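Colleague: Got a minute to go through this one with me? I'd like to start with the charged pairs and then move on to packing and surface.

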Amino acid sequence: MDVSRLSTATILPDTFQGARDIDISAQIGLIWQQAKAPLIVPLLKLSLAVCLAMSIMLFLERVYMGIVIVFVKLFGQKPEKRYKWEPFRDDVELGHSAYPMVLVQIPMYNEKEVYQLSIGAACGLSWPSDRIIIQVLDDSTDPAIKDLVEVECQRWVSKGINIKYEIRDNRNGYKAGALREGMKHSYVKMCDYVAIFDADFQPEPDFLWRTIPFLAHNPEIALVQARWKFVNANECLMTRMQEMSLDYHFTVEQEVGSSTYAFFGFNGTAGVWRISALNEAGGWKDRTTVEDMDLAVRATLKGWKFVYVSDLKVKNELPSSLKAFRYQQHRWSCGPANLFRKMAMEIIRNKKVSLWKKFYVIYSFFFVRKIVGHIVTFVFYCVVLPATVLVPEVEVPKWGAVYIPSIITLLNAVGTPRSFHLLIFWILFENVMSLHRTKATFIGLLEAGKVNEWVVTEKLGDALKTKLGTKAPRKLRFKVGGRLHLLELGVGAYLFFCGCYDITFDGKNRYFIYLFLQSIAFFIVGVGYVGTFVPNS
């Protein structure tokens with residue numbers, strides 16, 4: 001018996017018998033044709049249906065927030081009108097004791113470029129000097145930087161500022177651990193509120209005068225959050241893209257949450273907490289990489305309310321290197337997904353908040369914005385949509401391929417009108433980063449290996465250059481990263497192949513322009529290019 005002939009006949013269908021002498025490409029073509037109808041087409045149709053459903057969810061969420069923000073801007077009252085807000089005045093009898101005691105925390109880790117700015121801004125806050133304590137929580141591992149920070153603190157002590165320099169012998173819990181340890185010091189017990197600023201944040205002197213009255217006159221409020229102002233948004237194209245995404249977050253998402261349900265995610269900095277609310281919620285926990293969001297959700301489940309003050313802005317720096325931005329986005333995508341996994345049932349079982357508020361937190365805040373938004377952007381626009389070019393039997397309806405993404409993009413542009421002409425670049429950039437965010441989201445949901453990976457976002461001192469008013473000549477510049485990113489390169493190759501197929505074999509020319517542009521974007525990020533010159537327009 002001819003064993004080789006028997007095995008071939010057994011394994012391959014009759015239609016493949018004549019393919020043994022054909023070249024490999026022809027055999028692959030035959031296998032593709034045999035598998036397409038019974039396997040590929042049904043799977044692609046199912047994937048498309050799921051993606052369209054997620055697109056509709058994201059679309060409705062965006063439209064809902066758009067409608068709410070229009071009403072808020074046209075008919076809504078500012079926080080100072082919605083809540084009791086009165087400025088503090090000197091009391092002749094009580095003196096400064098009439099002012100609440102405020103703790104200002106500045107967590108930092110090897111912040112050589114910006115430590116002077118943050119400490120100086122905190123020490124420059126206008127508040128009675130005997131009613132404020134500045135606490136620098138230095139987790140630096142570089143002894144030289146530690147010495148610099150300590151000397152800076154001593155310099156302010158010599159000027160009469162009540163500033164405490166605190167260190168610990170480990171970095172357990174990272175930022176959450178540092179903040180938790182900072183709250184254990186005996187002098188904190190006399191404080192009513194705690195303001196938190198990351199090392200690159202520079203609050204204006206009147207920050208406390210504008211935020212503390214909300215807490216002092218409204219006992220139900222736990223948190224007052226300010227908006228971020230980016231001092232290096234014009235540094236490169238990448239920082240402009242970040243500005244567009246974050247401006248939408250602050251202009252729309254935070255405002256809608258504050259106006260409708262008095263809930264939003266604490267941004268981890270540029271905010272003031274009522275210490276009693278912070279303690280009642282369980283204090284700082286390091287179980288995820290979003291300790292700020294964790295605290296906010298636990299506090300709202302206790303019945304506390306939050307206030308977002310959109311016209312109070314605090315200067316800070318955007319990541320201007322691809323490496324720093326990728327690490328930041330991993331943390332911001334993985335952490336919320338992991339927190340959702342840990343807290344979903346706790347939110348559902350909670351008895352202190354209304355059913356609608358629980359629905360808002362679970363569905364809108366977590367599921368649509370933190371999970372669906374990342375997944376559908378990558379899977380639909382970078383995997384399923386290009387795949388329909390290879391499988392013409394599956395067609396994407398025009399409303400799903402054009403209308404919905406166009407409306408979502410236009411709604412996102414309201415946050416940064418000055419960058420409207422950069423929308424095409426923003427779309428391509430966001431689609432590339434959606435690969436990284438989707439991977440991080442699944443890591444968080446599944447609690448995989450890097451679920452608690454914490455890399456401090458690198459600061460390059462751009463805030464210092466802005467503050468000093470030094471403007472270096474702007475030049476066209478490219479920088480290649482230290483290593484290739486194979487996932488981005490692989491997706492770029494896939495999109496490029498689909499684009500070639502669209503104009504060569506398929507002949508329908510449906511998405512080839514998008515596919516080529518998107519593949520170039522993936523290739524650029526894949527080889528580590530970070531930003532180019534952007535005019536100040």
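Colleague: How far apart are N and O in the salt bridge between D247 and R227?
Modeller: Keep in mind that this is a predicted model. D247 sits in helix α8 and R227 in strand β5 (residues 221–230), so the pair ties together parts 20 residues apart in sequence. Both D247 and R227 are buried. Their side chains meet in a salt bridge with an N to O distance of 3.4 Å.

Colleague: Which salt bridge partner of E243 lies in the loop between α13 and α14?
Modeller: E243 pairs with R240 at 3.9 Å, N to O, and those two are 3 residues apart in helix α8, so about one helical turn separates them. That makes R240 a helix partner, not the loop one. The other bridge has its closest N and O atoms 2.9 Å apart, and it ties together parts 175 residues apart in sequence, so the loop partner is R418.

Colleague: Is R418 buried or exposed, or something in between?
Modeller: Shared partners join R240, E243 and R418 into one network. Within it, E243 counts as buried because its relative accessibility is 9%, under the 20% cut-off. R418 comes out at 34%, so it falls in the middle class: partly exposed.

Colleague: What is the relative accessible area of S258?
Modeller: S258 is in helix α8, which covers residues 237–260. Beyond its sequence neighbours, S258 touches R82, F263, F264, F306, V307 and Y308. S258 counts as buried because its relative accessible area is just 1%.

Colleague: Which helix gives the most to the largest nonpolar core?
Modeller: That core has 147 residues, and I119, W273 and F380 have the most contacts inside it. The top contributor, with 19 residues, is helix α12 (residues 355–390). There's also a second, separate core of 7 residues, with V68, I69, V72 and V252 among them. For the largest one, though, the name you want is α12.

Colleague: How many residues of helix α10 are buried?
Modeller: Helix α10 runs over residues 291–301 and is mostly covered. The cover includes α6 (174–182), β6 (271–274), α9 (275–280), β7 (305–316), α11 (322–349) and α12. Among the buried residues are charged ones by name, such as E291, D292, D294 and R298. The count is 11 of 11.

Colleague: How far apart are the end C-alpha atoms of helix α13?
Modeller: Helix α13 has 15 residues (398–412), so at 1.5 Å a residue it should span 21 Å. G400, A401, I404, P405, I408, T409 and N412 are buried in it. The modelled end-to-end separation agrees with the expected span, at 20 Å.

Colleague: What separates the C-alpha atoms of N431 and Q518?
Modeller: N431 is in helix α14 and counts as buried because its relative accessible area is 6%. Apart from neighbours within four places in sequence, its contacts are T377, Y381, C382, Y514, Q518 and F522. N431 and Q518 are 87 residues apart along the chain, yet their C-alpha atoms are separated by 7.9 Å.

Colleague: Which helix supplies the largest share of the nonpolar surface patch?
Modeller: The patch is I424, F425, I513, L517, I520 and I524, with about 550 Å² of accessible area together. Both α14 (423–446) and α17 (512–526) supply at least two residues. I520, for one, belongs to α17 and counts as partly exposed because its relative accessibility is 45%. With 4 residues, the largest share comes from α17.

Notes
Residues are numbered from 1 along each chain as its sequence is written. This is a predicted model: local features need pLDDT of at least 70, side-chain atom pairs count only at pLDDT 80 or more; totals for chains, interfaces and linings use all residues. Side-chain values use heavy atoms; hydrogens and water are left out. Buried means under 20% relative accessible area, exposed over 50%, partly exposed in between (1.4 Å probe, protein chains only). Contact means heavy atoms within 4.5 Å. A nonpolar core is a set of buried Ala, Val, Leu, Ile, Met, Phe, Trp, Tyr and Cys residues joined through side-chain atoms within 4.5 Å. Patches are made of residues with over 30% relative accessible area and no salt bridge: like charges are joined within 9 Å, nonpolar side chains (Val, Leu, Ile, Met, Phe, Trp, Tyr) within 5 Å. Accessible areas come from the Shrake-Rupley method with a 1.4 Å probe; for residues, only the protein chains shown count as cover. A salt bridge is a side-chain nitrogen of Lys or Arg within 4 Å of a carboxyl oxygen of Asp or Glu. The expected span of a helix is 1.5 Å times one less than its number of residues.
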